[in-house]
Amino acid sequence: MIDLAPYVIALPLAGALLLLIFGKRIGEAAGIVASAAIGVPFLLALAMLVDLLGLHAEERSVIVTTFEWIEVGDFEAAARLLVDPLSIVMVLVVTGVGTLIHIYSIGYMHGEARYARFFSYMNLFAASMLLLVLADNLLLLYVGWEGVGLCSYLLIGFWFERPAAANAAKKAFIVNRVGDFSFLIGIFVLSASAGSLAVGQVNAEAGGMAAGVATAAALLLFGGATGKSAQIPLYVWLPDAMEGPTPVSALIHAATMVTAGVYMIARFSPVFEASGGPALLVVAWIGALTALWAGLLATAEYDIKRVLAYSTVSQLGYMFLALGVGAYSVAIFHLVTHAFFKALMFLGAGSVMHSLKGETDMRRMGGLRKAMPVTGWTFMMGWLAISGIIPFSGFFSKDAILASAWHEGQFLLWLIGAVTAALTAFYMSRLYFRVFEGKLVTPGNLHVHDAPPSMAAALLPLGALAVIGGAINLPGALTLEVFLEPAVGHSEVPGGIVPWILGAIALVAGVAGIAAARFLYALPSGQKPLETLHERFSPLVNATQHKFYVDELYGRAIVLPGKALASFCANFLDARIVDGAVNGVAWLVGQSSWALRRVQTGYIRNYALTFLFGVVVAFSLLAFRGVL
Amino acid sequence: MSVAPGYYLALAGLMFSVGVVGALTRRNAIVIFMFIELMLNAINLIFVTFSRMWGHVDGQILVFFVLVVAAAEVVVGLAIILVISRRRGTANVDDVSLLKW
Amino acid sequence: MNLEYFVFGVMFVMALGASLAMLFARNAVHAALFLVVTQVALALGFLLQGAFFVAAVQIILYAGAIMVLFLFVIMLLGVDTREALIDPLPGQRPLAIGLGGLLAAEILWVAVRGVELAAGGEDQATALTELNQNPGNVKALAAELFSRYLLPFEATSVLLVVAIVGVMVLARRIGRVPNTGTGAESASGSDKEGAAA
């Protein structure tokens, strides 16, 4: 079964091509075709998992060669796929959550003009993401990396008639490009020092690399991860990416593409380890700070999708924090649970938008749980999970991260993580209370209906997974960590009473956040403590509502100089110098032709004179050959 | 002691040059033609001199051919000049300057 | 004093003098007549070198037929106007004279120097004289002409025929009929194209 790994990538790719070419003719069935193109790989992945479990733990690293791709002199890059615990977990997440989201989209995108095109792009994305996680080779991984970037652009800008969407797509692509550039340089460094780009070889050679080289490579790779996984300083594209259709936000910007950076660092953990301390420390600190920063920004957003977007950035920060303290499998654990509850919440938000005719401002909604039970109750599951309430999945994964940070002696990072946990619970509860609880409020007093069956078919399984998903790595059994050991190395399990205390603290933080939100937003007595808060801290509130002016800063510091440079190149270098040179040559030709054309006097006698001149020259050449 | 052939060649050369200068300097088409005939005559002299130098009659045969071709050429050329100057009313070669830039 | 040298001298002066006179003649008919004188002088030169037949042909053909043709055409066109002295094209005259002089100098240089290097003078000249006696100039020419040079001979006869036909087509005169004439009279309508050629 494992040999069929190429089909995991080939099926969605085929689906994408099929829908691209025959989309108009397939019509309504496009959604089913696309879902099948991802559903079958999911089943295939399950079979591959079974096969993998049948092998001994040390042997669980199978390489499937498809074809020889590049062979130039000493450099070789083969199209090989690596099937091991880490990649199979990622494949399962991508195909599993992906299938549910595709099914959801059948209902959500119904009636859309470019229906088949949407599913084609989604399938293409899935194929690229699967290529990314299955690649055995950094170059092949980069192909998938770029592919998901492209699909992200296509899907964010799906409704390209809207300028906001087109701009958001451009922003996403360009910001990602900066990260990709860093990633590419990192690949060059690794290729030069490891002599090859194959995963196994790079990781094996990592130990022998000089600390400086490893650090450089690791930081460059992390640069790419900050772009794709929206960390400081390249997170600015993710909130704007919410202009795309909600299933896109759920799949790409919650569950899969943004996790590519996390996967990449976990995959190449030996390189990061080899750098000694600095690289991993940078990763951990940026992760923690991003988590805190994004959490703050989320508290001021009124657009429900943007709250979820910042929440994603924040949770990704947690994952990087885990990676930074060496707890790679814990980061993957959080990746999986986050995929469950974040995708769930995005789909829930999509359901709300679907029935409220596209409304996203939480100030114009209220009390929707009674009117939309399926959506409301599943969203509640996601909310509780992300807030880290026991026994939901988010509690276990977030707690594991904080415990690992404490265990590695990074107390400051632990503190930031704990504060952010409270903050996370706070803003998510704010969202939940304002949208789903209290009095029923709808824009224009619309009659709301719950999610249609195709959409509910995705919400319910995800809701269940958000609840029980923690089971894959319960403390004690630690199934996932053990499973991932051959791929990412051993992580110590802290023993004793400390983990329990830390868990309790995390739980308390979550509850505190919820309580604060309830106090500010959902007090049944009708008090309005929120206004007093806003008055007291108005400058801070203002700054937060303006996203701390980060976009404006980037605009001034980077975009404006860039535009100036482009203008200089276009108007001066190109128009004056290059065009000038070309036009100058033409002018020269024209001038010389004007001068030379006077030879054509039209008088035969002048021409005869020219003959005579030629005759004299020829004659002298012949006559004086011997003399001269 | 007969006259050295070099003198004949010298004479022919001078005549040829006179013909060249005349062809380039005069403006009447027919007169230009006559100077061309002068050049051909000089060539004839050269051929005959060569025939004498080499001791066989090939040079003289070539003179024949030059003569015949000159005749044909004169005929056709004069016909053309005739037609052109009837059309334009002038035999001045400088008036036929359509190829001017 | 050798008679041959004397005759050569006369011939030299006649030929060169007539050519130069031709150069300065302002009237076309004068120029034609000077050319005739040149050709007669050249015939004398041919005689001196033992080319008897060619000398005769030169007088009969060149001076007698071709030059007459020239004179006929001059008469037809009525070119008796005097050419202006000043050359309208700038630089043409000085350049022509200069280059022509240069050419003359070069030819002279070659002629005087090169001839000595050619095959020896006297022996070959006597060979020609012997041929003239036996089998005779005309017979010798004929023997060569109709054996080795038969192809060029035939080719030149074709050339003459072509020239004749071409001239007849070129110079046909219409009976001054306007262009929009009836079919029969504009049978030579194509002559307009011939005239425009």
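Here is a friendly round of questions and answers on a predicted model with chains A, B and C.

Me: Let's start with chain C: how many helices and strands does chain C have?
Reply: Read along the sequence, chain C follows the pattern α-α-α-α-α-α-α. Of its 197 residues, 32% count as buried. Among contacts in chain C between residues at least 6 apart in sequence, 49% join residues at least 24 apart. The tally for chain C is seven helices and zero strands.

Me: How much area do chain C and chain B bury between them?
Reply: The size of an interface is often given as the accessible area lost when the parts come together. Here the contact draws 89 residues from chain C and 71 residues from chain B. Carbon and sulfur atoms carry 75% of the buried area, and the total for chain C and chain B is about 7300 Å².

Me: Which residues form the salt bridge between chain C and chain B?
Reply: The count between these two chains is one salt bridge. A salt bridge needs a side-chain nitrogen of Lys or Arg within 4 Å of a carboxyl oxygen of Asp or Glu. In this case the closest N and O atoms are 3.1 Å apart, and the partners are Arg148(C) and Asp58(B).

Me: Which helix of chain C gives the most to the side that touches chain B?
Reply: Between chain C and chain B there are twelve residue pairs in polar contact, both residues being at pLDDT 80 or more. Several helices of chain C supply at least two residues each to the side touching chain B, including helix 1 (3-24), helix 4 (92-117) and helix 7 (190-196). With 14 residues, the one that gives the most is helix 3 of chain C.

Me: How many nonpolar residues are on the side of chain C that touches chain B?
Reply: Helix 3, at residues 52-77, is among the helices of chain C that supply this side. By class, the side has 15 polar and nine charged residues, while its nonpolar residues number 65.

Me: Over to the other interface: how much area do chain A and chain B bury between them?
Reply: Here 13 residues of chain A are in contact with twelve residues of chain B. Of the area buried by chain A and chain B, 65% is on carbon and sulfur atoms, and the total is about 1100 Å².

Me: Which helix of chain A gives the most to the side that touches chain B?
Reply: Across the interface of chain A and chain B there are zero salt bridges. Two residue pairs are in polar contact there, both residues being at pLDDT 80 or more. Six residues of the chain A side come from the helix that gives the most, helix 26 (residues 604-623). By class, that side has three polar and three charged residues along with seven nonpolar ones, and the name you asked for is helix 26.

Me: Which kind of aromatic pair do Tyr142(A) and Phe183(A) form?
Reply: Tyr142(A) lies in helix 5 (residues 138-156) of chain A and Phe183(A) in helix 6 (residues 163-194), so the pair ties together parts that are 41 residues apart in sequence. Both Tyr142(A) and Phe183(A) are buried. Their ring centres are 5.5 Å apart with 65 degrees between the planes. Planes over 60 degrees apart count as edge-to-face, so the kind of pair is edge-to-face.

Me: How many aromatic pairs does the structure hold over all chains?
Reply: Ring pairs also link residues into a cluster in chain A, among them Tyr115(A), Phe118(A) and Trp159(A). Over all chains, the number of aromatic pairs is 28.

Me: Is Thr259(A) buried or exposed?
Reply: Thr259(A) lies in the loop between helix 10 (246-255) and helix 11 (260-267) of chain A. Its contacts include Met90(A), Met129(A) and Leu335(A), and its side chain reaches the backbone oxygen of Thr256(A) at 2.3 Å. The relative accessible area of Thr259(A) is 1%, and buried means under 20%, so Thr259(A) is buried.

Me: Which backbone oxygen does the side chain of Ser269(A) reach?
Reply: Ser269(A) is found in helix 12 (residues 269-274) of chain A and counts as buried at 4% relative accessibility. Not counting residues up to four places away in sequence, Ser269(A) touches Tyr328(A) and Val488(A). At 3.1 Å, the side chain of Ser269(A) reaches the backbone oxygen of Ala266(A).

Terms used
Residues are numbered from 1 along each chain as its sequence is written. Chains are lettered from A and ligands numbered from 1 in the order in which they are written. This is a predicted model: local features need pLDDT of at least 70, side-chain atom pairs count only at pLDDT 80 or more; totals for chains, interfaces and linings use all residues. Side-chain values use heavy atoms; hydrogens and water are left out. Contact means heavy atoms within 4.5 Å. Buried area is the accessible area (1.4 Å probe) that two parts lose on being put together, summed over both. A polar contact is a pair of N or O atoms within 3.5 Å; within protein, one must be able to donate a hydrogen and the other to accept it, and residues adjacent in sequence count only if both atoms are side-chain atoms. Helices (H or I, at least four residues) and strands (E, at least two) are DSSP runs, numbered from the N terminus. Ala, Val, Leu, Ile, Met, Phe, Trp, Tyr, Cys and Pro count as nonpolar, Asp, Glu, Lys and Arg as charged, and the others, Gly among them, as polar. Rings of Phe, Tyr and Trp (its six-membered ring) pair if their centres lie within 6.5 Å; planes under 30 degrees apart count as stacked, over 60 as edge-to-face and the rest as tilted. Buried means under 20% relative accessible area, exposed over 50%, partly exposed in between (1.4 Å probe, protein chains only).
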